[in-house]
Amino acid sequence: MVSFVEVVITAASFGAAYALLALSINVIYSTSTVLNFAQGEFMMLGGMLGWVFYSALGLPYWLAVVLIAGSMGLVGLAEYLLVVRPLLVRRAADIAIMIATFGAAYVIRTTAALGMGRVERPAKPPLGQAPFVIGGVPILPQSFVVIGITCAVLVLAWWLYSRTTLGLALRAAAFDPDGAQIVGINVDRLNAVTFAGGGILAGIAGLLISPLSYASPWFGITFAISGFAAAIVGGLGSWPGAVAGGLILGLANALMLRYVSGQWGTFATFILLLLVLYVRPTGIFGERIAAKFGTV
Amino acid sequence: MAQSGSATVDAKCAGPLLSVQGLTKLFGGVAAVSQVSFDLAPGKLTGLIGPNGSGKSTTINLMSGLHRPTRGAIYYRGENISNLPPHRIARLGIVRTFQLLRLFGDLSAFENVLVGAHLRGKNGFAAACLGPLKPRTEEQQLHQIARDALEFVGLGGRGEIKARLLTSGEGRLLELARAIAADPELILLDEPAAGLNTAETTLLAEKLLSLVDRGKTLLLVDHHMSLVMSVASSVIVLAGGQVLTIGTPQEVQADPRVVESYLGSGEVYRRRRAKRGVSEL
Amino acid sequence: MTFAGVLAVIAIPLLSGNGYIVQVASLAAIGAIMAVSLGVLYGHSGQLSFAHAAFYGVGAYTTVVLHTQHGLNFFLSLLVGAGLSGAVAFVVGLPTLRLRGNYLAIATMALQLGISEVFVNAKITGGSVGIFGIVRPTIAGISLESPFAYYVLLVIAAVLVIAVAHFLVHSRVGRGLAAIREDETAAGVLGVDAIWYKVSIFTITAMIAGLAGGLFAYQLEYVSPESFNLDWSIAVLSMVIIGGKKSAIGAVLGAVIVTIVTQLLFSVGELQFLIYGLWIIVIMIFLPDGLISIWQTAGRSTARGTNL
C-alpha cells in the first residue's frame, strides 16, 4: 500500500512535468500545426539553466523561475524567427518544418553539451532532499513543488486562454487559421507568441523535473518523445488531453521505474504510444483529429 | 479513347445507376444537407445546381467517400457505398473532379493523367521492383490512355509542364482528363467551369456532351445555371441543404421557387432557413 | 561517358590499395543504400522515418546472430534480417499511417529511442558491449575477408538497391506514391489505396535499411548499440536533404558528402552534430531540393533556357 502511494506520487510528479510539456507542444501545434521537436530541448535547457541559476549561482528560486521563463521565451521566439518562420513564408510542407525543428533540436542540444558540459548534474531541490513522511509514506518535497507550480501554471494558462483577447485569438486561429487571418488576427505574431509560450512552459517543466532526475544535455530527445506521446495519448491539440496524457505517461514511467527497471522507460513509452495509436488514434480528447480524419 | 464495354449503358441495369436516399450530413449539429434523395439515370448528364451554401459540395463529397453520411445512404448499382473509403468507390467506377483544383502540383500534366489511369493498371509493388525484367506492356497501355485523355481535353501539347505552372483554365481541363483516364462509369464534376472564360466553357460543354455520347454518366455540379441548362438532361436543384425540385432544364427554369432561391430573394430564402433553425454556414 | 565516370569513381578505392580509403568508400556505399531507401520514403512518398537506424540495427543483429552465431547461410541471414526490419516497420506503420499528419515521424522517433534501449539492455544483442568476432563470409568459393573484396559486394548491393529504387519510383505504384505525397485526397478519389501504399513503401524501405545493416555488420566486423542510435538516423536524413530528396543521384551524392565530412569531423566529437543540425536547417530553408538541384537547374537553363 505504501509503495503504491509512492508510485502514485512519483507518477503525479513526472506526470505534471510531462503535462506542461505536452501543453507546450499543443499550444504551438494548435495555431501553426507545427510539431516542434525542439520542445524536448527547451525542457532540457530549462533544467540546465535551473542548475546554473539556482544550484550554481545560488539565486533565489523565484528569481530562477522568472529568469528561466524569460530566457526560454526568447529561445522559443528565436526558433520561430530563425527556423520556422522562413519555412512558413516559403510555404514549405509540414514535414519539412518538422525536420527543420529537429535540426534546431540538434543545434540546441549540442550547444548545451559544448557550453555547459556533458555531465549529468544533480539539481538542488528548493525544499531540500529530506522526505516528508505523511501517514508512513515518505514523499520527496520536490513532488509538492512540481505539482504545486504545475497547477499554478495550468490555471494561469487556462485564464489566458479562456478569459483574454489573446486567448480568443488563439482559439480562433486554432479553429480556422485562414478565417482568423481574414478577421484581422495577425497569425504570424500569434505563432511567435505560441513559440515563446511553448519555450516558457517547457522550460519550467524542465526546471521542475531536474531535481527528480538530473540536468543533462542528453535528456532533451527523451523528453520530446514523452511530451509527444503524452500529447497524442491525450489527443493532439487538446488542452485537457495534455494534462490527462501527461499523467498517464507519468504513471507508466513510475510503474516501469518501480516494478521493472529504469532502463526500459522509453521502450515502454513507445509501446504505450503504439497501443494508443492502434486502439484510439485520436487520443482521449481528440475529436478534432477525428473530424479532420478522412475529410477533404 | 479506349471504349470499355462496362461503360456503356447496361441493359440489365435498367434502373438508376446511382441512387441517393435520405442523405443527411451534420457538421457539429448543423445540417449541411438534409434528407436529400435523387437518382442518376445511366448514360445521362444530370445537373446539380443551387446557390452557394446549398449543400452541393457536401453532396458530392458524400458521393465520393470524402465524408460519411450522418443518415441515409448512397446505392451504386444496388450496392450501398456510403461507408466506403474514396479509393474503393473509385474502384467501383465513380471518379470526381474538384472545385478547388487538387492537381499533383509537382508532377507534370502527363504524370497527373497517368495517376488518373491508375485503376486501369494492375502492376503492384513486386512488379515495380522487377523493373525491366517485367514486360512493359501495361506501362505502354497506361501511357497511351494518358496521351489520349490529354489529347481529348486539348492539352496534348502541354504534357511536360508541371501541373502547378498551368493556367487555371488548363488546370480545370487537366482535372477532367485525369478523371477520364480512369475510364469511370460515373464522373462527378465539381464546378468544372469555375474560372473558365466563355470560349473555354463552350469547349468544356462540347467535351461533356461527347462523353455522354460515349455512354458515360455525368453529374455536373455548378451554381451557374447557363452551362448546366445547355447540357443536362435533368436537373436537381438544392437549396438550404434540401432538394428544392428535380426536373428537366425547362421545368426547372420555369419554376418560380428556383428563380427565387437564386435571384434577389436571397433574403427571403435566408429568413426561411433561419426559421427552420438551419444556420448559415 | 557518364557510366565510365561512375565506374572510375567506384574503382578508385580499389586501385588505391589503401585500406582507409576502401573503408570510407565502403561506408559511403552503405550510406548510399540507406539514403536511397530514406529518399524513396521521404523524398518520393512524403513519409518520414526517424527509425532508419533502428531498422538498420535490427538487420545487423539478426544477420550476425543467424550467420555468425548459428551458421545460417549469409544471404539467407541477410534476408531474414531485412524481413524482420520490415515486420517491425509494418507493425509501427499500420496504426500511424492510417492517420493524416505526421504521426509516423513521432512514432518512429519513439521506436528509435525505444529500440536503442533494447539493443543496450537485451542479452541477445550482447548489451552495450555488442557482438565481436564477426568474420566476413566466403561466397561461392570467393572469400570476402579482404575489405577490398567486401567493398565490391557492397557496391553491387548499392547498385542493385539504386536500380530497384529507380524502377519503383518510375512505375505505376511509384506514381501512386508521388500522388499521395502531393495530395492524398486527390490520389484517393482516383483509386490509389493510400494506406496500403504508405504501409508498403515504409515496410519496403525498412527492409532495405535492414539489409544495409546486415552488410554493415560484416564491414565493421563487430556490432554495438552506438552504431544504431538516433544520430545515425539523422545522419542518413541529412544525406537525403543535402544531396536532394527527389532523386537517387541526390541521395548518393549526399551519402558521399556526409560520409566524408563525418570522417573529417570525427575528431571534433559532438561538434559534428551541431553542423548536421545547422545544415539541415539552412538547406531546408534555402535549398529544399538539395545540392543536386543546383546542378540540375544549371543543366536545364543552359540546355533549353528556363521555361518558368
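**Figure 1. Helix H9 of chain A (220–234) meets helix H5 (residues 103–121) of chain C, with the axes 10 Å apart and an angle of about 135° between them.** This is a predicted model, in which local features need pLDDT of at least 70 and side-chain atom pairs count only at pLDDT 80 or more, while totals for chains, interfaces and linings use all residues. Residues are numbered from 1 along each chain as its sequence is written, and chains are lettered from A and ligands numbered from 1 in the order in which they are written. Helices (H or I, at least four residues) and strands (E, at least two) are DSSP runs, numbered from the N terminus. Two packed helices are described by the angle between their axes and the distance between the axes. Here axes are lines fitted to C-alpha atoms, for helices over the stretch in contact, and angles run from 0 to 180 degrees between N-to-C directions. H9(A) and H5(C) are therefore oblique to each other; angles under 35 degrees count as roughly parallel, over 145 as roughly antiparallel, 65 to 115 as roughly perpendicular and the rest as oblique. H9(A) crosses H5(C) in a left-handed way, a term used when the near helix is turned anticlockwise from the far one by less than a right angle, with right-handed used if the turn is clockwise.

**Figure 2. Which residues make the contact between H9(A) and H5(C)?** From H9(A) come Ile221(A), Thr222(A), Ile225(A), Phe228(A), Ala229(A) and Ile232(A), and from H5(C) come Ile106(C), Met109(C), Ala110(C) and Leu113(C). Sorted by class, these are 9 nonpolar residues, 1 polar residue and no charged ones. In this sorting, Ala, Val, Leu, Ile, Met, Phe, Trp, Tyr, Cys and Pro count as nonpolar, Asp, Glu, Lys and Arg as charged, and the others, Gly among them, as polar. A contact between two residues means that their C-beta atoms, placed from the backbone, lie within 7 Å.

**Figure 3. Let's step back to the side of chain A that touches chain C, where 39 residues of chain A meet 37 residues of chain C.** At least two residues of this side come from each of helix H3 (61–89), helix H4 (94–116), helix H9 (220–234) and helix H11 (265–279) of chain A. Which helix gives the most? H4(A) does, with 14 residues. By class, this side of chain A holds 30 nonpolar, 7 polar and 2 charged residues.

**Figure 4. Inside chain C, helix H3 (residues 52–69) packs with helix H4 (residues 74–96) at an angle of about 145°.** Their axes are 8 Å apart, and the crossing of H3(C) past H4(C) is right-handed. On the H3(C) side, look for Phe55(C), Val58(C), Gly59(C), Thr62(C), Thr63(C), Leu66(C) and His67(C). Their partners in H4(C) include Phe74(C), Ser77(C), Leu78(C), Val80(C) and Gly81(C). This contact has 10 nonpolar, 7 polar and no charged residues.

**Figure 5. Ala212(C) sits in helix H9 (residues 194–220) of chain C.** Is Ala212(C) buried or exposed? Ala212(C) counts as buried because it has 33 C-beta neighbours inside 10 Å. A residue is buried if 20 or more other C-beta atoms lie within 10 Å of its own, exposed if 12 or fewer, and partly exposed in between, with C-beta atoms placed from the backbone. Leaving aside neighbours within four places in sequence, Ala212(C) contacts Ile30(C), Ile33(C), Met34(C), Tyr56(C) and Gly59(C). Gly59(C) also appears in the meeting of H3(C) with H4(C).

**Figure 6. Gln142(A) lies in helix H5 (residues 141–163) of chain A.** With 22 C-beta neighbours inside 10 Å, Gln142(A) is another residue that counts as buried. Not counting residues up to four places away in sequence, Gln142(A) touches Pro125(A), Leu127(A), Pro211(A) and Leu212(A). Ala224(A) is 82 residues from Gln142(A) in sequence, and their C-alpha atoms are 22 Å apart in space.

**Figure 7. The last view takes in whole chains, with 12 helices and 2 strands in chain A and 13 helices and 2 strands in chain C.** Chain A has a radius of gyration of 19 Å, which agrees with the value near 19 Å for a compact globule of 296 residues. The radius is taken over C-alpha atoms, and the globule rule is 2.2 Å times the number of residues to the power 0.38. The C-alpha trace of chain A spans about 60 × 45 × 35 Å along its principal axes, and 55% of its residues are buried. For chain C, 58% of the 308 residues count as buried.
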